[in-house]
Amino acid sequence: FLPLYALYIVVVYIYDITALLQWNLPTEAIFYQAVGALIFAILIQSEYYPAIIKPEPSSEKTIARILSYTYIFPIVTATIAIVQRISEYGITSNRYCALMACIFCCIFVVLECILKIIPSKYVTTIFCAIITISLIGPFSVTNVTHNAWLKNIEKTLVSEGYNKYPLSEKEAKNFFSNLWEKDGHTASIIAYQVNMLHSQSIKELYQFFPEKSNLSNIVKKYRSISRTVENDKLHTMPENFSKFAYVDYTFKHEDLVTRNDTLFFDYPLKDIDSTSSKVFSFYVPKQNWLDKDIKVLETEGARFEVEF
């Protein structure tokens, strides 16, 4: 396993360094790579465990110690990526759990690399303590996410000039509409948080918004709708659009028709709610296509945000 781990950790380092230099941190990929490195290293170290617990030095103990240092950087990078994602898009239950997992990994690293304690003796205790904190008490995932969402909602309402609560249904619609025009990113995050709290019937939400109104419909078109696989960008649903889908499609040469300096092509998109499909026709300047200088494709009934 050692040569395979060496190849894996080199790839992870290259990926993480590139992501940090470009400050483009796809959280999920970085997190799972860090966890994979940790598990991979622990499995290898388990083979050397009899030599590790012996007081006398050995080559196996040296290899195990070197392995311990190799996964520090991926774990630190994963923690940075999660914190950056939380600061940019807010806390969610998934991000909270990922952060707690990183804290667990960091404790593991401190015990093994800094204090030089065999962490396997304490893993169960630390794991149970983190699970308990995450599920019970003021720092539980529910309390942390709900309180953060409510504070963010109140802060945004105040910044938009609202100080009398709860808002009427008309005021709620105006709030999201005006916020969308000013800052679609913030509007998407607030809409998501309001919708989640409303779906769970959290009473504290209704000190700001009317309880008997259909908040789900009010926030529907402002909610964040998709994150791309490649770079985890946030996209928001344009007004008057009701559905979204992430598509990964490679055009064949025969799909493209060239007329003068313009490319014409059709794209069949299957309805996500049924088995039917509809063909959308597009045209773009040929040179822009060749230069990959296209951000949006738009035609009647459809709008595509393009990533090459």
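A residue counts as partly exposed when its relative accessible area falls between the buried limit, under 20%, and the exposed limit, over 50%. Lys173, at 43%, is therefore partly exposed. The model discussed here is predicted.

The protein contains twelve helices and seven strands. Of its 308 residues, 36% are buried. The exposed surface amounts to about 18700 Å². Carbon and sulfur atoms supply 58% of that area. Among contacts with a separation of 6 or more, 54% join residues 24 or more positions apart.

The largest nonpolar core comprises 57 residues. Seven of these touch the most other members: Tyr5, Tyr71, Ile153, Phe175, Phe176, Val194 and Phe209. Helix H6, spanning residues 93-114, gives the most to this core, with ten residues. Another core lies apart from it. That core has eleven residues, including Leu263, Val284, Trp289 and Ile294.

The surroundings of Phe209 were examined further. Neighbours within four places in sequence were set aside. The remaining contacts of Phe209 include Ile153, Leu157, Pro166 and Leu167. Ala172, Phe175, Phe176, Val194 and Leu215 are also in contact with Phe209. Phe209 takes part in ring pairing as well: ring pairs link Tyr162, Phe175, Phe176 and Phe209 into a cluster.

Pro166, one of the contacts of Phe209, follows a cis peptide bond. The bond runs from Tyr165 to Pro166, with omega near -5°. Pro166 sits in the loop between helix H8 (141-159) and helix H9 (169-182).

The count of aromatic pairs comes to twelve. One of them joins Tyr8 and Phe40. Their ring centres are 6.0 Å apart and their planes meet at 50°. A pair counts as stacked under 30 degrees and as edge-to-face over 60, so the Tyr8 and Phe40 pair is tilted. Tyr8 belongs to helix H1 and Phe40 to helix H2, so this pair ties together parts 32 residues apart in sequence. The two residues were also assigned by accessibility. Tyr8 is partly exposed, at 25% relative accessible area. Phe40 is buried, at 17%.

Two salt bridges are present. One forms between Glu160 and Lys182, whose closest N and O atoms are 3.1 Å apart. Glu160 lies in the loop between H8 and H9, while Lys182 lies in helix H9, so the pair ties together parts 22 residues apart in sequence. Glu160 is partly exposed, with 22% relative accessible area. Lys182 is exposed, at 63%.

Lys173 and Glu169 meet in a salt bridge too, at 3.8 Å from N to O. The cut-off for a salt bridge is 4 Å. Both Lys173 and Glu169 lie in helix H9. They are four residues apart, about one turn of the helix. Lys173 is partly exposed, at 43% relative accessible area. Glu169 is likewise partly exposed, at 38%.

A nonpolar patch occurs on the surface. Phe1, Leu4, Leu7 and Val11 form this patch. Together they present about 450 Å² of accessible area. Phe1 is placed in the segment before helix H1 (2-22). With 64% relative accessibility, Phe1 counts as exposed.

Backbone angles were also examined. Trp23 has phi near 50°, a positive value in a residue other than glycine. Trp23 is located in the loop between H1 and helix H2 (27-47). Ser201 also has a positive phi, near 55°, and is a residue other than glycine. The loop between helix H10 (184-199) and helix H11 (215-219) holds Ser201. At 48% relative accessibility, Ser201 counts as partly exposed, because the exposed class requires over 50%.

Note on methods
Residues are numbered from 1 along each chain as its sequence is written. This is a predicted model: local features need pLDDT of at least 70, side-chain atom pairs count only at pLDDT 80 or more; totals for chains, interfaces and linings use all residues. Side-chain values use heavy atoms; hydrogens and water are left out. A nonpolar core is a set of buried Ala, Val, Leu, Ile, Met, Phe, Trp, Tyr and Cys residues joined through side-chain atoms within 4.5 Å. Buried means under 20% relative accessible area, exposed over 50%, partly exposed in between (1.4 Å probe, protein chains only). Helices (H or I, at least four residues) and strands (E, at least two) are DSSP runs, numbered from the N terminus. Contact means heavy atoms within 4.5 Å. Patches are made of residues with over 30% relative accessible area and no salt bridge: like charges are joined within 9 Å, nonpolar side chains (Val, Leu, Ile, Met, Phe, Trp, Tyr) within 5 Å. Accessible areas come from the Shrake-Rupley method with a 1.4 Å probe; for residues, only the protein chains shown count as cover. A salt bridge is a side-chain nitrogen of Lys or Arg within 4 Å of a carboxyl oxygen of Asp or Glu. Rings of Phe, Tyr and Trp (its six-membered ring) pair if their centres lie within 6.5 Å; planes under 30 degrees apart count as stacked, over 60 as edge-to-face and the rest as tilted.
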